[in-house]
Amino acid sequence: MQDVDEIDWPALREAAREVAALAFAPWSQLHVGAAGLTDQGWIARGCNVENASYGLSLCAECGLVSGLRSGGAERLLAVSVVTQDGLPLAPCGRCRQLLLEHGGRDLAVDQGPDSPPITLGELLPLAFDASELSRRQP
């Protein structure tokens, strides 16, 4: 696993900002982009896509995970989620769960240039994961 100090956070943040510009957000006007460093060393990206029924909207992290898998990678090592202004945005609860499944508790999450990254385990303590399923099956 790559050391968190070796991650090019400004480049990851910029990739997220660039894809935020492609978001479809006619209702909230909040353009969000997500960029993640994959286990294969390339950057997966995703942006939010809103829907008139709101509940069917897709967060940027959903697109990011889709890009991860469709690009042939299996795991995220670091992720930056930003709005159109380029400033980090914490993933929502649903997306924290999604990122957990594709990056694990040690996934490094960007908090911006003035704060060190935080792990997903810190953002989502006592998370429900695949181990819960295997432990509880009859």
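A residue is called buried when its relative accessible area is under 20%, exposed when it is over 50%, and partly exposed in between (1.4 Å probe, protein chains only). The model is predicted, so local features need pLDDT of at least 70 and side-chain atom pairs count only at pLDDT 80 or more, while totals for chains, interfaces and linings use all residues. Residues are numbered from 1 along each chain as its sequence is written, and side-chain values use heavy atoms, with hydrogens and water left out.

**Exercise 1. The aromatic pair**

Task: Determine how many aromatic pairs the rule gives, and classify the geometry of Phe 24 and Trp 27.

Solution. Step 1: Rings of Phe, Tyr and Trp (its six-membered ring) pair if their centres lie within 6.5 Å; planes under 30 degrees apart count as stacked, over 60 as edge-to-face and the rest as tilted.
Step 2: The count under this rule is one aromatic pair. The ring centres of Phe 24 and Trp 27 are 6.1 Å apart and the planes stand at 85°, so this pair is edge-to-face.
Step 3: Phe 24 is partly exposed because its relative accessibility is 44%. Trp 27 has a relative accessible area of 40% and is therefore partly exposed.

**Exercise 2. The sheet**

Task: State the order of the strands in the sheet and identify the edge strands.

Solution. Step 1: Helices (H or I, at least four residues) and strands (E, at least two) are DSSP runs, numbered from the N terminus. Two strands pair if DSSP finds at least two bridges between them.
Step 2: The sheet is open and consists of five strands in the order E2-E1-E3-E4-E5, with mixed pairing. E2 and strand E5 (118-119) are the edge strands, each pairing on one side only.
Step 3: E1 and E3 run antiparallel and are joined by seven bridges; within this pairing, Gly 36 stands opposite Val 79 in E3. Five bridges link E1 and E2, again in the antiparallel sense, and Ala 34 has Gly 46 in E2 as its bridge partner. E3 and strand E4 (residues 108-109) run parallel and are joined by two bridges, with Ala 108 in E4 as the bridge partner of Ala 78.
Step 4: The hairpin of E1 and E2 has four residues between the strands, and in it Gly 41 takes a positive phi near 90°.

**Exercise 3. The surroundings of strand E1**

Task: Decide whether Thr 38 of E1 is buried or exposed, and describe how E1 is enclosed.

Solution. Step 1: Thr 38 is found in strand E1, and it is buried because its relative accessibility is 0%.
Step 2: Contact means heavy atoms within 4.5 Å. Leaving aside residues up to four places away in sequence, Thr 38 touches Ala 44, Leu 68, Ala 73, Arg 75 and Leu 77.
Step 3: In a regular strand the side chains alternate between the two faces of the sheet. Both faces of E1 are covered, with Val 32, Ala 34, Gly 36 and Thr 38 buried on one side and Gly 33, Ala 35 and Leu 37 buried on the other.
Step 4: Seven of the seven residues of E1 are buried, so the strand is largely enclosed by the rest of the structure.

**Exercise 4. Helices H2 and H3**

Task: List the buried residues of H2 and of H3, and name what they pack against or are covered by.

Solution. Step 1: The buried residues of H2 are Ala 60, Glu 61, Cys 62, Leu 64, Val 65 and Leu 68. They pack against E1, E2, E3 and H3.
Step 2: In helix H3 (residues 93-103), the buried residues are Cys 95, Arg 96, Leu 99, Leu 100, His 102 and Gly 103. Their cover includes helix H2 (60-70), strand E3 (76-83) and helix H4 (120-123).
Step 3: Each helix is followed by a glycine with positive phi: Gly 72 after H2, near 95°, and Gly 104 just after H3, about 80°.

**Exercise 5. Positive phi outside glycine**

Task: Locate Gln 29 and Tyr 54, and give the phi of Gln 29 and of Tyr 54.

Solution. Step 1: Most residues other than glycine have a negative phi.
Step 2: Gln 29 lies in the loop between helix H1 (9-20) and strand E1 (32-38), and its phi is positive, near 65°. Its relative accessible area is 47%, so Gln 29 is partly exposed.
Step 3: Tyr 54 is in the loop between strand E2 (43-47) and H2, and its phi is positive, near 55°. Its relative accessible area is 56%, so Tyr 54 is exposed.
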